[in-house]
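Biologist: I have a chain to look at, and I would like to ask how each label is earned. Could you walk me through it step by step?

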Amino acid sequence: MARESMSTFLFRYMFVGGTNFGFTNGANSPPYGPVPTSYDYDSPISEAGDITSKYYAVRDIISKYLPLPAMSVPSNTTKADYGPMPMEFVMTVQDALKYLSPLGPTKSEHPVSMEKIKFYYGFIMYRFTLKKDTKVPSILSTKGVRDRAIVMVNHVPFGILDRDNVTVNITGSKGQAVDILVENMGRINYGSQILNNTKGLIEDVMLDGDVVTGWEIYPLYLENLNQTLAAKIAKQERRAYPKTSADGKLMTPSIYVGSLVISGQPNDTFLDPTTWGKGQAVVNDFNLGRYWPGRGPQVTLFVPAPVLVAAPKINYLFLFELETAPCDQGLRKDGVCQVKLTDTPCLDGPNGPGKVAAEGKLEMEKLSEADRHLVH
C-alpha cells in the first residue's frame, strides 16, 4: 500500500496474510531457503482473515490524514479448540507405494529429475538394489538432491541428504533395496537461481566412488490419501511397522491417520503437530501443507472451516511423517500418538536447526522463559 501526501509514503508488506497450502510455497536462493506454509507475515490482517491490533494501529494513522470509509470493521471468525486427535499408524511409505504410485515406477539407468517424468511437486522416491554385501559402511554420495532426502536400506533409515549434506554411510546385504525419498521443498521464485529449478535427484549417485545404475523412480501422489484409502487399509491384517535408524533419531517415513466428528457448524482451527518431526498434512482430501515444528518458527497449520465437515460425516487427517512420530509401535514409548486442534496459532516458535524431534528438546538455556513452553 502506498499513498503520496506531502512527499510521504506508507508501505506495508504484507497487509493481508495468506497460506501456502499444499506444495505452493516458494523459496529464495542463494542460499536455498524455502518459505514455510504460513504466509501470515505478522500482517495487519492475519492468514485466518482476522483483524489484528496492528490493523487498528495502521487505521488510526491513516485516519489522521484521510477520511475513513463509512463502514464498520467486520468481526473475526470463531476459532475452535477441538482438542487432541488420536492418530494411528497406517503403513510405511514402501507399503504405500501401490496406493501413492499406482502406475508403478519409471525405470532408468541413471536418476532423472521430477520434471523428466512430468511430476512437478511434492515427493518422489528413487530405488536401486545393492549388488553386493556392504557390511563395512559404504559412502553414498550425491550433490544432486533437490531439496532434501531420507536414505533407507531395507526400510531402515540411515540419514538425510540435502544441498549441503551430500554423504550418508550405509550398510546392507546384496539384493536389498536402497530407497532415497526426496522432498521438493519449494520452487525458487526469488533470487539469482530462479532458473535452476529442477527437482528430485538431478545428478548421479555414487556408492564408494562408483556410479549407481539401475533405478526405479516412484512419484508419490499424496492426493490419494483419502477416506477410501483408510477403509482399504483397515481391512489389511498385516502391516510392517516403521524401523528406526541406529541412532534412534529417524523412523521409516510413514502414513498416520486420525478422525474427528464435529457437532454443529465447523469453525476455523489450527493443527498443532508439536511432538511430530517433519511432513505433510492432508485433511479431507485437502492438502494443508508442510509441518516442521522442530525447525520453526511456524508450528501450527491453519485449517479453514470450509475444509471440515459437520456430523454425521467424519473428518479425516492424514500425516505423511518423514522423520519421527510420538507413537508406540515397539519403537518409542515417550510420547502420545496424537495431534491437537487448537484455537490459537503459533507462528513464532524457536527457529531451531531442523533436528528431528527424537532428540527431545532444544538447548533450554538459549531460550527465554516465555518461549520454553514451545520446546518439543
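Modeller: Here we take salt bridges, burial, cavities and strands in turn.

Modeller: This is a predicted model, where local features need pLDDT of at least 70 and side-chain atom pairs count only at pLDDT 80 or more, while totals for chains, interfaces and linings use all residues. Residues are numbered from 1 along each chain as its sequence is written, and side-chain values use heavy atoms, with hydrogens and water left out.

Biologist: Why is the contact of Arg187 with Glu115 called a salt bridge?

Modeller: A salt bridge needs a side-chain nitrogen of Lys or Arg within 4 Å of a carboxyl oxygen of Asp or Glu. The closest N and O atoms of Arg187 and Glu115 are 2.5 Å apart, so the pair fits the rule. This pair links distant parts of the chain, 72 residues apart: Arg187 is in strand β14 (residues 187–190), and Glu115 is in the loop between β6 (106–108) and β7 (122–129). Strands here are DSSP runs of E with at least two residues, helices are runs of H or I with at least four, and both are numbered from the N terminus.

Biologist: What makes Arg187 buried or exposed?

Modeller: Buried means under 20% relative accessible area, exposed means over 50%, and partly exposed lies in between, using a 1.4 Å probe and protein chains only. Arg187 has 17%, so it is buried.

Biologist: Which salt bridge does Lys278 form?

Modeller: Lys278 meets Glu183 at 2.5 Å, N to O. The two are 95 residues apart, with Lys278 in the loop between β20 (269–272) and β21 (279–283) and Glu183 in strand β13 (residues 177–184). Lys278 has 2% relative accessibility, so it counts as buried. Glu183 is buried too, because its relative accessible area is 3%.

Biologist: What links Asp147, Arg163 and Lys199?

Modeller: These residues are joined in a network of salt bridges. Within it, the side chains of Lys199 and Asp147 meet at 2.7 Å, N to O. Both Lys199 and Asp147 are buried. Across the whole structure, the search finds 9 salt bridges.

Biologist: How do you know that Ala246 belongs in its accessibility class?

Modeller: Its relative accessible area is 89%, so Ala246 is exposed. Ala246 is found in the loop between α3 (227–234) and β19 (254–260). In space, Ala246 is 8.6 Å from Val156, C-alpha to C-alpha, although the two are 90 residues apart in sequence.

Biologist: What makes a space count as a cavity?

Modeller: Rolling a probe the size of a water molecule over the atoms shows where empty space is left. On a 1 Å grid over the protein atoms alone, a cavity is a set of points where a 1.4 Å probe fits but cannot get out, and lining residues have an atom within 4 Å of a point. The count comes to 3 cavities of 30 Å³ or more. The largest cavity holds about 60 Å³, and the second largest has about 40 Å³.

Biologist: How do the residues lining the largest cavity divide by class?

Modeller: There are 8 nonpolar, 1 polar and no charged residues. Ala, Val, Leu, Ile, Met, Phe, Trp, Tyr, Cys and Pro count as nonpolar, Asp, Glu, Lys and Arg as charged, and the others, Gly among them, as polar. The lining includes Met85, Asn315 and Tyr316, and strand β24 (residues 315–321) gives the most, with 3 residues. For the second largest cavity, the classes are 6 nonpolar, no polar and 2 charged. Its lining includes Arg148 and Glu183.

Biologist: Why are β22 and β23 said to stand at the edges?

Modeller: Two strands pair if DSSP finds at least two bridges between them. The open sheet of 8 strands runs β22-β21-β24-β19-β5-β25-β20-β23, with antiparallel pairing. β22 (286–291) and β23 (301–303) each have a single partner strand, so one side of each is left without a neighbour in the sheet. For β20 and β23, 3 bridges join them, and Phe270 stands opposite Phe302 in β23.

Biologist: What makes strand β18 largely enclosed?

Modeller: In β18 (residues 215–220), 5 of the 6 residues are buried, so the strand is largely enclosed by the rest of the structure. β18 pairs in the antiparallel sense with β6 over 3 bridges, and 5 bridges join β18 to β7, also antiparallel. Glu216 in β18 stands opposite Lys107 and opposite Arg127.

Conventions:
On a 1 Å grid over the protein atoms alone, a cavity is a set of points where a 1.4 Å probe fits but cannot get out, and a pocket is an open set with protein on both sides within 12 Å along at least five of seven lines; lining residues have an atom within 4 Å of a point. Grid points are joined across faces, edges and corners, and a volume is the space filled by probe spheres set on the points.
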